[in-house]
Number of protein chains: 2
Amino acid sequence: MDVRRHRSAPGSGADAADADPGEAAVESALPAPSPEAGLPALDERQLNILRRVGSEWGRVCGNPDLWRRALPVDPALASYPDPTDVRPTRFGRFVPVQSGVLPTVEATSEAEVPSSLPGRLAVDLRRALLGPPLRSTAIARERMRKLVALPVLSADALSSVAYGPEAMLAILVLGGTAGLSYSVPIAGVIAFLMLAVGVSYRQTIRAYPHGGGSYIVATDNLGRIAGLVAAAGLMTDYILTVAVSVAAGLEAITSAIPSLSPDRVAIGVGVIVVLLAGNLRGVRQAGMLFAAPTYLFIIAMFVLVAVGLIDAGGRGFQATPRPPLTATEAVSALLILRAFASGSTAMTGIEAISNAVPVFKPVEWRNARTTLTWMVGLLIVLFAGTIAMVQLEGIVPNAHETVLSEIAHRSFGSGFMYPVTQAATAAILLLAANTAYNDFPRVLFLLARDFQAPRLFLRMGDRLAFSNGIILLSLAATAIYVAFGGMTGPLIPLYAVGVFLAFTLSQSGMVVHWWRLRDPHWRRSLVFNATGAVLSAAVFITAGITKFTSGAWVSLLAVGLVIVLATSIRRHYSTVARAVALHPHTIELPRQRIAPGVPARAPAAAPDAKEGEDSRQAPSADGETEESPEEIHHLTIVPVASLDLPSMRALAYAASLQQPVLALHVSPTDEEAERFIKYWRTWGDHLPLEDVVSPYRAIVAPMVNYIESLHRQRPDLTLTVILPEIVVRHWWQRILHNRMAPRLRRALRPLPKIVVTSIPFHLPR
Amino acid sequence: MDVRRHRSAPGSGADAADADPGEAAVESALPAPSPEAGLPALDERQLNILRRVGSEWGRVCGNPDLWRRALPVDPALASYPDPTDVRPTRFGRFVPVQSGVLPTVEATSEAEVPSSLPGRLAVDLRRALLGPPLRSTAIARERMRKLVALPVLSADALSSVAYGPEAMLAILVLGGTAGLSYSVPIAGVIAFLMLAVGVSYRQTIRAYPHGGGSYIVATDNLGRIAGLVAAAGLMTDYILTVAVSVAAGLEAITSAIPSLSPDRVAIGVGVIVVLLAGNLRGVRQAGMLFAAPTYLFIIAMFVLVAVGLIDAGGRGFQATPRPPLTATEAVSALLILRAFASGSTAMTGIEAISNAVPVFKPVEWRNARTTLTWMVGLLIVLFAGTIAMVQLEGIVPNAHETVLSEIAHRSFGSGFMYPVTQAATAAILLLAANTAYNDFPRVLFLLARDFQAPRLFLRMGDRLAFSNGIILLSLAATAIYVAFGGMTGPLIPLYAVGVFLAFTLSQSGMVVHWWRLRDPHWRRSLVFNATGAVLSAAVFITAGITKFTSGAWVSLLAVGLVIVLATSIRRHYSTVARAVALHPHTIELPRQRIAPGVPARAPAAAPDAKEGEDSRQAPSADGETEESPEEIHHLTIVPVASLDLPSMRALAYAASLQQPVLALHVSPTDEEAERFIKYWRTWGDHLPLEDVVSPYRAIVAPMVNYIESLHRQRPDLTLTVILPEIVVRHWWQRILHNRMAPRLRRALRPLPKIVVTSIPFHLPR
């Protein structure tokens, strides 16, 4: 239960899970995405630490009211001089709200708009393309009726009929007529598989009524690595789903309009861009949008099969003889297994309903099970019907026209029904691609929530979509699609390996689940899930071995890569989590009171350099672990190039902090050093100055090395380096300045306990 | 005299000019580059301002000794705990020095080495390639004897004989035999031109004994724009000198070894890279290195002409009949003018001696004049000899072999002297390219010193070379060379236009100079310079018109571009100079004493928000013009994402500054806001917190807009935004963090009076 512990660590945001156990006995973390997922909930231990750190502050900082009264501004912006800024209209940038415990201000959508003109235009453009931003509270939880859920959730599975049988036949045809004769028995096995996996997923729905994706089920029951493998398998397959669906959809179109064939790569990339834009805009599963093509596809397929059967019945169900085929390969067990593995791509998408149980109307799990049953039934019928038509019509797969298109031509000729069938096929395939756009970012979100993917995949965009995951999917799918020239055939061997890996782990997880739970009916559920697991594993192994050299290795490599990446990301995040954790000091130090405007410890009393080495024994002298203000001992360093206004402002800022100040000047020659010191004395020599002569004319490196030397002299000090920085109006003007501030900032960044303060100086227009 | 005034502005570093007027009556700014050129010398007015600003500080800051005693470190590093850091050996990074007015530390070459391993390796690699760094004091001012100066300074001019006559003949041959018959009269005109321009430059040497480059002479006498035009002409021509010399040098080699011809582009780029590396390393004009090939070339040419003449004398100076030529163009005035313009490229480099008068042994100007006379004499003899040989041997220019190579073949056959001649030609051409590497960065230095080019061209590298100018020249020359396929022919029309533009302006400037000066002999000098100016102008106009369409437009466009660029750069720098100038406030404010550790004004006494609007009437409320500490009123803002160690350190740092603090948190939902406020109270609510609810989930923009609202509420406050920033160990880990600090820093940069402080938090290894 490693992960459960992990989830309760800060940053999991999953504490709602225990509060809402749902109908079923075991409930995992709520997979529903929320904009708060990146923000940690603290447990009691952490709250206690916070309390102890706070009590140390209390002794040092005195009355919080003193600090509150010292504030020179009104943070609630209530008495704000500019009324357009706080106004409950769409043009005000902030509105005051009385929310629960404290009055706060709320940013309106105007507050997202940067002040600069280019930033403003960029926001306008984005809003024009993607629509206005949506509030976090707009995460709709609309429930779906079964008749709406069916088309929405089964587009991926049903559309597989468009390429699954074809992929199988394309392998069998290598064995000539003898090879094709195996199509019916193989199809029978696949149909049985669909049934078994379908029944297996019915059990998952019962156990995970809040959605039981493969990642959650495998993680919960088999551990972190198994979950990661399942997630990796799913993610590679979602990428391939987009590529394969777009390719197959375009093949449906080019079968009808062959002249489009040469431009298929460009058109496909265009389709992916449209999917990207649509999903960034947040195309929710608008019922009708999905229902129409899916039902149209189902009807078209039924009509197709019916017309074909009537036609075949007219000739006494005699199969149309195939043209003589020359076998290019002997019919071997390997060939048959390869055909089986390719054909089983028709099962992809079957897991969709079990992921999405909460979208059903109550009782959710019951409705989901019913819908799953319908879907599997339809899938088997469409799959069997397609294979039957291929047999009866004596169709031979070829590179120029899809099998479905050939069947449609035989049944409908080129009349009205043919283009309708092709259009419905293309539409359902694009919807299938869209399904991947819903699921891929969600898996990435779950990985990121569990610290196994970059936190940026937690972020919900303007439109409540996981923009980063959507963009990553589009990039990956485009790369794959273009690399394979937009052809379905070469993509098929890569496909399905990942899905069946995820199926296997998910079903195995369910077996463990039932074994642990032992509720009523656990034996029956366990048997169903075990059957599903064994069959999925068989397909996975078959596909992995037979298609390894022709492409499955790419998918397996990708899965491996995801696991390595996710593991090192997780390691990094736990390093960070340990490093940033608060740990109240146990050593008692003499306390001095600090408050704004109240006299505090005198820096002049700090030990000077001669006695400085003792201070090394002070606690946390070398580390960056200061948790309360009296642990910080200041030295302010101001690099000064010349005595102009920006430098003078930096010196004034440094002096106004009332901490010890050291000005620093680097001179290329002794003469220049003397000259500068003369100027410094003309000014009045108000602050200590050190002139570093750099006879080799470097500036940044000697400065940084000198500051590092000071740090080593007194490692307990916090050195604040104050850099005047000229801010230019146009990017090209940067080349006209030596940009010392960013260079010093970059060079100082790796050094410990060195704070860098930039004092901007804006050039007039 | 606009520029003279400009030079005395801060940053000119040219104040030494008036102290050392030299022998001649008029002296311009010393063109000698120095590493201090980028550092301003202040005039009396500026020193007075500085004194007044300082006196304001004095009233506020009290005794400077208080600040000096408050210093917790020893800036001289004398009692430094780590002896390897301060030690007068090559491994110590700083050595203490007692220089003039104040004890300082001096950085050793070790102090230039960054602490990070990659930085260290980069420095090691650079030092291995370019040699150890050189001290500023190593700027050698070795003087040259005339016999050494002659080869060093005349390589560019004499090498022009290798392509000048050929360029002329390549045009004349278009007119067939009739065309070629004009070669002798045209050559005569060019030889006269050489004489006239040479005499003209003798006058420049007398007037500018400290070096009278075209930029200086034109600027001094004709104004800034004329100087800029001359500089632009020279710079475009130096770029072309590199490209043409490398191309011609390779043609000398491929004439001897034709099999190398196909690789000429690659070889040429390699040669430019060698020139780049050598010049970055700082190849000084090592006497022998330059003397040998130049004298070898002169001797080879003399032998060549002598053998040819003896040979021709043997047959009674009868010209060898040329093969019959078909004219592709009628012999027109235009053709002849084009040939003249192309042939005058033989004069390029004639200005070198007048630029470099100070390198001669005393009496510099006298020795320089003598050397100039020798050089012009040699140039005319070699040029005339070449043309004579072409006439006598009946040589026809062709694309496969250079004219010089053909002459050498006729005179020497393929024996020992032929390859020597070709090698000497190639060597002197590469030396000519190297001359451009000396002059181009020097012109850029002068432009940069006068604020007409980016300041980065002022910088002397490790090896005392103007690295940035050298790199720019190499890039530009490589681009031109590659674009023209490494062929001399197509480059010639671009060439010489710029040089003759600079000649014209320089000689015209001299005319003005003599007219103003009217010293003894001014009339004669004026007449010589006027003749030079008129003839140069004639060549410039001829070249500009006749070669305009075939390439001169490129050079003229480049000149125009340089002028536009330099003018807008100058405008930018004067905006900056005005903006950064100190201007002591005249309004008297009530003073409060500030000193480290000494109780100062109480920020709690600052007007609170309700009364805050009055403070808008305070002087310099909106501007960034604070010149002394008591003008700065603080508000410290700490954006807090979660209550972890980095945030706690930022809060502690903020509180330890003893100025008013406001913590800021952005929540995506009301629930998260409530949760965070709960944690804040658990901690103890020690500092004021404002929670901004951002229902559209953006973080940076609402934060920045909120801070801007605070600024507009109290424009007199200096807002210090304190950002905790996680510093990762490896670049790829950056993607795992939201990098809020750099994003906020970038978004806050354009806003006025907002100081950004980064508190780094280093992850453990």
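Visitor: What is the relative accessibility of Arg518(B)?

Guide: In this predicted model, Arg518(B) lies in the loop between helix H21 (497-517) and helix H22 (522-546) of chain B. Buried would require under 20% relative accessible area and exposed over 50%. Arg518(B) counts as partly exposed because its relative accessibility is 43%.

Visitor: What is the phi of Arg518(B)?

Guide: Arg518(B) is not a glycine, yet its phi is positive. The residue sits in the loop that runs between helix H21 and helix H22 of chain B. Its phi is about 50°.

Visitor: Which other arginine of chain B has a positive phi, at about 75°?

Guide: The residue lies in the loop between strand E5 (689-693) and helix H26 (700-713) of chain B. At 4% relative accessibility it counts as buried. Though not a glycine, the residue with this positive phi is Arg697(B).

Visitor: Is Arg697(A) buried or exposed?

Guide: In chain A, Arg697(A) is placed in the loop between strand E5 (689-693) and helix H26 (700-713). A residue is buried when its relative accessible area is under 20%. The value for Arg697(A) is 4%, so this residue is buried.

Visitor: Which backbone oxygen of chain B does the side chain of Arg697(A) reach?

Guide: Within chain A, this side chain reaches the backbone oxygen of Pro695(A) at 3.1 Å. The side chain of Arg697(A) also reaches a backbone oxygen of chain B, at 3.2 Å. That oxygen belongs to Met460(B).

Visitor: Which residue of chain A does a cis peptide bond join to Pro362(A)?

Guide: The bond has an omega of about -5°. Its partner residue is in the loop between helix H15 (352-355) and helix H16 (364-393) of chain A. The residue joined to Pro362(A) is Val363(A).

Visitor: What is omega for the peptide bond from Pro362(B) to Val363(B)?

Guide: Val363(B) is found in the loop between helix H15 (352-355) and helix H16 (364-393) of chain B. The peptide bond leading to Val363(B) is cis. Its omega is near -5°.

Visitor: How are chain A and chain B related?

Guide: A rotation of 179°, with 0.0 Å of shift along its axis, superposes chain A on chain B at an RMSD of 0.2 Å. The two copies are therefore related as by a two-fold rotation axis.

Visitor: In chain A, which residue has the C-alpha nearest the axis?

Guide: The axis is that of the rotation of 179° which superposes chain A on chain B. The nearest C-alpha in chain A is 2.0 Å from the axis. It belongs to Thr757(A).

Visitor: How much accessible area does the nonpolar patch with Leu565(A) have?

Guide: Leu565(A) is in helix H23 (residues 548-580) of chain A. This leucine is partly exposed, because its relative accessible area is 46%. It shares the surface patch with Phe548(A), Trp553(A), Leu557(A) and Leu561(A). Together, these residues have an accessible area of about 520 Å².

Visitor: What share of the residues of chain A count as buried?

Guide: Chain A has 27 helices and seven strands. Its accessible surface comes to about 28,900 Å², of which 65% belongs to carbon and sulfur atoms. Of its 765 residues, the share that count as buried is 60%.

Key:
Residues are numbered from 1 along each chain as its sequence is written. Chains are lettered from A and ligands numbered from 1 in the order in which they are written. This is a predicted model: local features need pLDDT of at least 70, side-chain atom pairs count only at pLDDT 80 or more; totals for chains, interfaces and linings use all residues. Side-chain values use heavy atoms; hydrogens and water are left out. Patches are made of residues with over 30% relative accessible area and no salt bridge: like charges are joined within 9 Å, nonpolar side chains (Val, Leu, Ile, Met, Phe, Trp, Tyr) within 5 Å. Accessible areas come from the Shrake-Rupley method with a 1.4 Å probe; for residues, only the protein chains shown count as cover. A salt bridge is a side-chain nitrogen of Lys or Arg within 4 Å of a carboxyl oxygen of Asp or Glu. Helices (H or I, at least four residues) and strands (E, at least two) are DSSP runs, numbered from the N terminus. Buried means under 20% relative accessible area, exposed over 50%, partly exposed in between (1.4 Å probe, protein chains only). A polar contact is a pair of N or O atoms within 3.5 Å; within protein, one must be able to donate a hydrogen and the other to accept it, and residues adjacent in sequence count only if both atoms are side-chain atoms. Copies are superposed by least squares on the C-alpha atoms of residues with pLDDT of at least 70 in both.
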